Amino acid sequence: MAPEILSRTWTFITAMTSKSILDGSAGDGREKLLLKSVLEDAEKNPESVMKTIDKFASRSWLMNIGDDKGQLLDKAIADRKPKVVLELGAYIGYSAVRISSQLEEGAKLISLEMNPENASTATQVVEHAGLSDKVVVVEGILKDKVGEIKRLVEEMNAEIIDFVFIDHDKRYYLSDYLLLKENGLVGKGTVLFADNMKIPGSPEYREYVTSNKEELDTVEHNTRFEYLRFLPDSVVISTLK
Ligand SMILES: C[S@@+](CC[C@H](N)C(=O)[O-])C[C@H]1O[C@@H](n2cnc3c(N)ncnc32)[C@H](O)[C@@H]1O
């Protein structure tokens, strides 16, 4: 195996076995190094920022959606042309840059992140990419932030969120979707894009979106895991009827 693949496989294992992974960090300070690399090496535009992050992750694995699955995300965004997007789980801001760089004039991404250091990193990465006017990073978890998200949606003169990128703790995929539904934040036409449906997967979410056919149209796309193409993964895309 080439040294880069070895290094990213090893750093994937160390991240996954780290005690801090459920708190949103790989446990060895790589997120701080990533921020330094973006601020020092990337030009101030989305393409250069994403390229710098992908290059960093080719040696030191990061839990971003990455470029393979990122292309499926790009297509889903291009198909839906959302005005209001909610992302659950920002991490270091890779998908926030990816999504917001494609949004049409006036459209916005609300990016929810529970880890304060990650929220700060994502804010700085988005700023470096020149996209601060399109992204609002909200620090916290959904059940505490529903009121704030409702207010942000209203400020955008919208009634519902058009696109939800679900990419946080897999144990909360279903309960957070149900929370958005109970609060009237999603409705007819909202697209749900759920990442990592094979690794590590979210069985309750999968069961719900595939069995409630009167509520949702759901399609699963098989793809490869972020930065480790030898591992399978999938994304599940559902549209509310
Ligand atoms: C897989 S990463 C997100 C990757 C990012 N969407 C990307 O593709 O660039 C998951 C992130 O979700 C955050 N997170 C985990 N549980 C959360 C929760 N309940 N609410 C908000 N954020 C959460 C973690 O701190 C971590 O930063």
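How do the residues of the shell around the ligand divide into nonpolar, polar and charged, and how many belong to each class? In this predicted model, the shell comprises 8 nonpolar, 8 polar and 5 charged residues. In total, 21 residues surround the ligand, and the closest of these are Ile65, Gly89, Ser95, Glu113 and Asp167. The site itself coincides with the largest pocket, in which the ligand sits.

Contacts between the ligand and polar backbone atoms of the protein were examined next. An oxygen atom of the ligand lies 2.8 Å from a polar backbone atom of Ile65, a residue that is also listed among the closest to the ligand. A nitrogen atom of the ligand is placed 3.2 Å from a polar backbone atom of Met114, and a backbone N or O atom of Asp169 is found 3.5 Å from a nitrogen atom of the ligand. Taken alone, the ligand exposes 610 Å², of which the protein buries 95%.

Aromatic pairing was assessed over the whole structure, and the search returned 7 aromatic pairs. One of these involves Phe12 and Phe225, whose ring centres are 5.4 Å apart and whose planes stand at 65 degrees; because planes over 60 degrees apart count as edge-to-face, the pair is assigned to that class. Phe12 belongs to helix α1 (residues 3–16), whereas Phe225 belongs to strand β6 (residues 216–225), so the pair ties together parts that are 213 residues apart in sequence.

Two features of the backbone were also noted, each located in a loop. The peptide bond that joins Ile199 and Pro200 is cis, with omega at about -5 degrees, and Pro200 is found in the loop between β5 (191–194) and α9 (203–211). At Tyr91, phi is near 55 degrees, which is a positive value in a residue other than glycine; Tyr91 is located in the loop between β1 (84–88) and α5 (94–100).

How values were computed. Residues numbered from 1 in each chain as written. Predicted model: local features only at pLDDT ≥ 70, side-chain atom pairs only at ≥ 80, totals over all residues. Heavy atoms only, no water. Near = heavy atom within 4 Å. Polar contact = N/O pair within 3.5 Å; in protein donor to acceptor, adjacent residues only side chain to side chain. Areas by Shrake-Rupley, 256 points an atom, 1.4 Å probe, with all protein chains shown as cover. 1 Å grid on protein atoms, 1.4 Å probe; cavity = no way out; pocket = protein on both sides within 12 Å on 5 of 7 lines; lining within 4 Å. Sits in = over half its atoms within 2 Å of the grid points. Nonpolar A, V, L, I, M, F, W, Y, C, P; charged D, E, K, R; others polar. Phe/Tyr/Trp six-rings, centres within 6.5 Å; stacked < 30°, edge-to-face > 60°. Helix = DSSP H or I, 4+ residues; strand = E, 2+ residues; numbered from the N terminus.
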